[in-house]
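The following exercises concern a protein chain and its ligand. Please read each task and attempt it before consulting the solution.

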Amino acid sequence: MSEIPTLRLRKLNHGSIVDQGQFVLYWMTAFRRPFYNFALQRAVEWAEKLQKPLLILEALRSDYPHASDRMHSFILQGMADNTEHFATTAACYYPFVETEKGAGKGLLQKLAETASVIITDDYPGCFYPHMLQAAAAKISVYMEAVDSNGLLPLRAADHDFPTAYAFRRFLQKELPGHLFDLPLADPLRAVQLPRLEMVAAEVLDFWPPATGQLLRADRQTLARLPINHCVEATAEQGGFKAAERYLQRFLAERLPLYLQRSEPDQQVSSELSPYLHYGHISTHQIVQQLFVQEGWTIGQLSPETRGKRSGWWGLSEAAESFLDELVTWRELGFNAASLRAGYDQYYSLPEWAQASLAKHRDDPRIYLYSMKQFEQAQTHDPLWNAAQNQLRQEGRMQNYLRMLWGKKILEWSPDAETAMQVMFTLNDKYALDGRDPNSVNGILWCLGRYDRAWGPERPIFGKIRYMTSENTARKFSVKQYLQRYTNS
Ligand SMILES: Cc1cc2nc3c(=O)[nH]c(=O)nc-3n(C[C@H](O)[C@H](O)[C@H](O)COP(=O)(O)OP(=O)(O)OC[C@H]3O[C@@H](n4cnc5c(N)ncnc54)[C@H](O)[C@@H]3O)c2cc1C
């Protein structure tokens, strides 16, 4: 019997299990990690059951939206970590990287011809749902998608939520039933399987596996790939090894200071979002290690399920606050991506927000900037420019300033729809954690999603929550941040 909760499994086609197949294929697309990964665990279960080798295909296309040196190097470094790790296991790992646009076309179908079963990742955002549907329609072998997105299985909720508060209430009732359904820390540990040394030569000749040189992702190698070279790689290292270093640093040094995370001059948040986005680390791993550090037991959960932001877990205030971001806010994004029609479209904003923005559509704007001016950080506001510079240079933006950044784009754009487009373009082009369900929620939050109407009604914003750089600078210390990110 499977150890994986059935709520996390989704049949993708009516294909059959092929007994004569040569291997079980795990097509790794979103959960790009060997640890705490329900999809990999499921593939191992199938391989053990059928007594077949396990083949793991991790592929990187060159035509995904905003493919650039920055995003590619982060993913490639993750693939280098995976190559090293899987070489010590019973699985056969096949990293494939497109060196020409469209070069990977047909690879999955070719492997499917000799597979017994195909397991893949069930990720609700971006192009993934469409990609899975299209692949499953062409493949006759049995395909299954596995949800390893967060603590709450996507299908544990049958509706989306108007506020974080409503979702938190739901979580407090529902989550205890899922907290002990953990993925194995290392699903390939001590696993014995028939060995597949390598994939058939006819496949490898046409789709050669990525070389160590390619996975090192140095500047010259990236220059030869058909991606955008104007968005440069950052110093940030991708992959599960770096993700674990970030997690240890957070737990050891930053967690006690987490309540001060809104201060731009202090970087105390975890900076785990790119690793979560590319699946290099899982929420389960983060939460497990946090529980161990805090000596947490299930008996500490509060019986009160009224959606209070703090106190439900029975942990330190800092840990509660971190879990509210990592679980409530992050998984709210996944809930919306899987259940809200048009979740990334303007029309999915609450009606009050759309009506208020429409009423103020023609309000005069004192400042109006073009996409290019925003992109080049050429506004009149030094704090906004500094935040945009950080995004362009580092692929990150300080948490609190990210909200201010979006609010000001609304204020300085001809209308809210244009503002939304500017936010998506800049966020997804430069941010290492971009193109995530939480890119969508963060950007739409700036326009009223999950928020309430605020008074007094203001020009341009109407009843949408308003923020100013002046207030931010009054509330927090921003001097060092400005020095660091202001272009001389
Ligand atoms: C305009 C705008 C755009 C945003 N774009 C993105 C994006 O592209 N990708 C992205 O992952 N998040 C985005 N966010 C949400 C949030 O700002 C980032 O998740 C956070 O800054 C990441 O930093 P961290 O890893 O140090 O967070 P921490 O404070 O250490 O939090 C831990 C984790 O919790 C999650 N988290 C934290 N804050 C939020 C939040 N407000 N909403 C949802 N999840 C959260 C993230 O996965 C994060 O890594 C955006 C917010 C705004 C206002």
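The exercises below treat the domains, the ligand site and two backbone features of this predicted model.

**Exercise 1.** Determine into which domains the chain is divided, and describe the contact between domain 1 and domain 2.

*Solution.*
Step 1. The division gives domain 1 (1-148), domain 2 (240-339) and domain 3 (346-485).
Step 2. For domain 1 and domain 2, the C-alpha centres are separated by 28 Å. Their contact involves 20 residues from domain 1 and 18 residues from domain 2.
Step 3. Between domain 1 and domain 2, about 1,600 Å² is buried, and carbon and sulfur atoms contribute 65% of this area. On the domain 1 side, the residues losing the most area to domain 2 are Y36, F74 and P124, which together account for 37% of what that side buries.

**Exercise 2.** Locate the ligand relative to the domains and characterise the shell around the ligand by element and by residue class.

*Solution.*
Step 1. Count the surrounding residues: there are 22, and the closest to the ligand are Y258, S269, S270, E271 and S439.
Step 2. Assign the shell to domains. Because domain 2 (240-339) and domain 3 (346-485) both contribute residues to the shell, the ligand lies between them.
Step 3. Assign the shell to helices. At least two shell residues come from each of α10 (273-277), α12 (317-339), α16 (399-411) and α18 (437-445). The greatest contribution is that of α12, with five residues.
Step 4. Sort by class: the shell comprises eight nonpolar, nine polar and five charged residues.

**Exercise 3.** Identify which atoms of E271, N427 and D433 are paired with ligand atoms, and state how much of the ligand is buried.

*Solution.*
Step 1. Consider the oxygen atoms of the ligand. A backbone N or O atom of E271 is 2.7 Å from a ligand oxygen, and a polar side-chain atom of N427 is 2.9 Å from a ligand oxygen.
Step 2. Consider nitrogen. A polar backbone atom of D433 lies 3.0 Å from a nitrogen atom of the ligand.
Step 3. Compute the burial. The ligand taken alone exposes 820 Å², of which the protein buries 92%.

**Exercise 4.** Describe the backbone geometry at Y36 and at the bond joining G455 and P456, and place Y36 and P456 in the fold.

*Solution.*
Step 1. Y36 is not a glycine, yet its phi is positive, at about 45 degrees. This residue is located in the loop between β2 (23-28) and α1 (38-50).
Step 2. G455 and P456 are joined by a cis peptide bond with omega of about -5 degrees. P456 belongs to the loop between α18 and α19 (469-475).
Step 3. Relate this to Exercise 1: Y36 is also among the residues of domain 1 that lose the most area to domain 2.

Methods: Residues are numbered from 1 along each chain as its sequence is written. This is a predicted model: local features need pLDDT of at least 70, side-chain atom pairs count only at pLDDT 80 or more; totals for chains, interfaces and linings use all residues. Side-chain values use heavy atoms; hydrogens and water are left out. A residue is near a molecule or strand if one of its heavy atoms lies within 4 Å of it. A polar contact is a pair of N or O atoms within 3.5 Å; within protein, one must be able to donate a hydrogen and the other to accept it, and residues adjacent in sequence count only if both atoms are side-chain atoms. Accessible areas come from the Shrake-Rupley method with a 1.4 Å probe; for residues, only the protein chains shown count as cover. Helices (H or I, at least four residues) and strands (E, at least two) are DSSP runs, numbered from the N terminus. Ala, Val, Leu, Ile, Met, Phe, Trp, Tyr, Cys and Pro count as nonpolar, Asp, Glu, Lys and Arg as charged, and the others, Gly among them, as polar. Domain bounds come from an automatic or database domain assignment. Contact means heavy atoms within 4.5 Å. Buried area is the accessible area (1.4 Å probe) that two parts lose on being put together, summed over both.
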